[in-house]
Amino acid sequence: MSWGIELWDQFDNLEKHTQWGIDILEKYIKFVKERTEIELSYAKQLRNLAKKYQPKKNSKEEEEYRYTACKAFLSTLNEMNDYAGQHEVISENMTSHITVELARYVQELKQERKSYFHDGRKAQQHIEICWKQLESSKRRFERDCKEADRAQQYFEKMDADINVTKADVEKARQQAQVRHQMAEDSRADYLSILQKFNHEQHEYYHTHIPNIFQKIQEMEERRILRIGESMKTYAEVDRQVIPIIGKCLDEIVKAAESIDQKNDSQLVIEAYKSGFEPPGDIEFEDYTQPMKRTVSDNSLSNSRGEGKPELKFGGKSKGKLWPFIKKNKGAAPEDFSNLPPEQRRKKLQQKVDELNKEIQKEMDQRDAITKMKDVYLKNPQMGDPASLDHKLTEVSQNIDKLRLEAQKFEAWLAEVEGRLPARSDQARRQSGMYEAQNPTTVNNCAQDRESPDGSYTEEQSQESEVKVLATDFDDEFDDEEPLPAIGTCKALYTFEGQNEGTISVVEGETLYVIEEDKGDGWTRIRRNEEEGYVPTSYVEVYLDKNAKGAKTYI
């Protein structure tokens with residue numbers, strides 16, 4: 001069974017078949033590659049799943065994992081990590097032992113196939129050239145024979161004509177002889193080329209083509225054998241991890257068998273046992289006798305009474321504090337507009353300083369490159385000055401980009417500094433007048449409650465909320481429907497709200513405005529659920545223009 005003998009005339013079909021074989025091999029490589037990607041994705045999902053259900057540190061979940069059922073679940077999560085690792089091993093081994101090796105083999109196979117078919121086409125071209133030479137010599141021999149016949153006939157005609165001179169007859173005879181000699185030469189050339197062609201054709205069909213086709217057949221059989229070996233490797237890679245996966249599953253079963261329901265029940269007792277004795281029987285109260293009621297020392301009423309102070313401790317004002325604590329969610333905007341004005345100003349200033357430092361760093365680098373270029377200009381043997389032009393251009397572009405960025409943040413900084421409240425002389429005079437009229441209500445005007453790092457926190461409002469005593473004024477606001485906020489304000493000075501209806505504020509504190517100054521010098525504000533009035537001159541008001549009924553008023 002040889003392609004060179006059986007398929008001697010199927011050059012084009014063999015070329016198509018071998019290309020199809022390479023396509024099949026590449027298809028299998030793609031299949032294995034996608035399998036490795038699936039294994040990696042599956043391993044990643046398993047790891048993420050195990051990580052998702054891991055107990056968080058310093059959380060209540062850690063306490064739950066003292067129960068045997070939770071410990072078994074934690075062991076399962078850890079084993080799932082090892083389980084995922086085995087799928088990563090499958091992916092790595094398939095990639096290194098199959099995908100990479102076959103990809104390299106395909107490239108070699110393409111080069112080998114190209115070489116064989118190149119030799120085949122070269123042999124085809126050679127035999128075609130020999131055939132053309134044979135046809136050319138054959139036509140030339142035929143033409144020369146016809147010319148010799150015509151010359152012979154012309155000579156015989158001239159020789160039979162009595163009117164033709166002897167010289168003309170001799171000339172015709174010589175011409176006939178020349179034509180006959182040319183025909184003989186063409187015949188000899190044609191015979192030689194024919195013999196050569198027959199030899200070349202025999203070599204082509206019985207030596208060259210069989211050898212080439214035999215090599216192509218061997219190449220194709222190696223390809224088939226190689227893809228079979230790869231399929232075996234594909235199965236072996238899976239089989240190698242089965243024992244380890246089995247160990248992971250055995251560990252999960254072992255962890256499940258370690259669950260002790262009695263132990264978990266005992267842990268529940270240890271966690272929640274109060275130590276109290278159940279209440280005793282309630283004695284009959286005979287109202288026909290003088291009022292006398294006895295209750296056992298460990299009665300339910302005593303235990304309830306002991307719990308009341310604790311319930312009262314977590315009172316209304318404290319309970320309502322938490323829902324109003326606002327936390328920033330999501331990514332912070334570039335201009336820090338989510339921060340209070342002073343903190344925003346500091347953040348912008350910090351950003352501007354950072355950009356200026358980067359600009360200075362780039363400028364220093366530019367100066368260093370410029371100096372190096374000067375050195376190269378003076379000493380060409382040390383380097384090519386033109387090689388630094390690209391770097392200089394790049395540094396200059398970076399400087400321009402950083403300057404534009406710095407200008408953007410400086411514009412925001414100027415905007416914030418223009419909006420920040422300033423202690424004008426007029427505001428100080430108003431503050432002095434109010435202090436003269438109410439000397440007992442103003443204290444520590446210059447008190448600074450800003451945190452050391454300059455950040456704005458809501459701990460101030462929480463602390464103030466906890467310290468405020470429940471008054472009739474507070475109950476009045478609790479009964480009413482809360483008014484919507486029409487803006488915000490910032491306390492310019494500390495104000496001790498000791499009179500009924502007022503509210504204490506700390507310098508620098510930001511609060512909500514719910515009612516403007518009606519002309520009496522007082523503004524109504526809110527801190528979480530606490531509401532009250534403060535002197536208008538003590539705060540800087542920022543009204544929301546979109547709020548209903550709001551006017552531009554500062």
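Helix α4 covers residues 68-160, and its 93 residues carry the chain 135 Å from the first C-alpha to the last, close to the 138 Å expected at 1.5 Å a residue. The model you are looking at is a predicted one. If you follow α4 along its course, you will find a bend of about 40° at Thr95.

Helix α5 invites a similar look. This helix has 92 residues and runs over residues 166-257. From its first C-alpha to its last it reaches 133 Å, close to the 136 Å expected at 1.5 Å a residue. Where is the kink in α5 centred? It is centred on Tyr204, and its angle is about 45°.

Here are the two helices side by side:

| Helix | Residues in helix | Reach, first to last C-alpha | Expected reach |
|---|---|---|---|
| α4 | 93 residues | 135 Å | 138 Å |
| α5 | 92 residues | 133 Å | 136 Å |

Now for how helices meet. Two packed helices are described by the angle between their axes and the distance between the axes. Helix α2, residues 11-52, is a good place to practise, with α4 and α5 as its partners.

Take α4 to begin with. The axes of α2 and α4 are 8 Å apart, and the helices pack at an angle of about 165°. Angles over 145 degrees count as roughly antiparallel, so α2 is roughly antiparallel to α4. The crossing of these two helices is left-handed. What kinds of residues make up the contact of α2 with α4? There are 25 nonpolar, eleven polar and ten charged residues.

Turn next to α5. Here the axes of α2 and α5 come within 11 Å and cross at roughly 15°. Angles under 35 degrees count as roughly parallel, which means α2 is roughly parallel to α5. This crossing of α2 and α5 is left-handed. Their contact holds 15 nonpolar, four polar and four charged residues.

Let us move on to the strands. Strands of a sheet pair through backbone hydrogen bonds, either parallel or antiparallel. Which kind of pairing does this sheet have, parallel or antiparallel? The pairing is antiparallel, and the five strands form an open sheet in the order β4-β3-β2-β1-β5. At the edges lie β4 (530-535) and β5 (539-543), each of which pairs on one side only. From one strand to the next, the twist averages 40°.

For a closer view, pick strand β1 (residues 487-491) and strand β2 (residues 510-515), which pair in the antiparallel sense over four bridges. Look for Thr488, which stands opposite Tyr512 in β2.

Key: Residues numbered from 1 in each chain as written. Predicted model: local features only at pLDDT ≥ 70, side-chain atom pairs only at ≥ 80, totals over all residues. Heavy atoms only, no water. Expected span 1.5 Å × (residues − 1). Bend = angle between axes of the 7 residues up to and from the residue. Axes fitted to C-alpha atoms, helices over the stretch in contact; angles between N-to-C directions. Parallel < 35°, antiparallel > 145°, perpendicular 65-115°, else oblique. Left-handed = near helix turned anticlockwise from the far one by under 90°. Nonpolar A, V, L, I, M, F, W, Y, C, P; charged D, E, K, R; others polar. Pairing = 2+ DSSP bridges.
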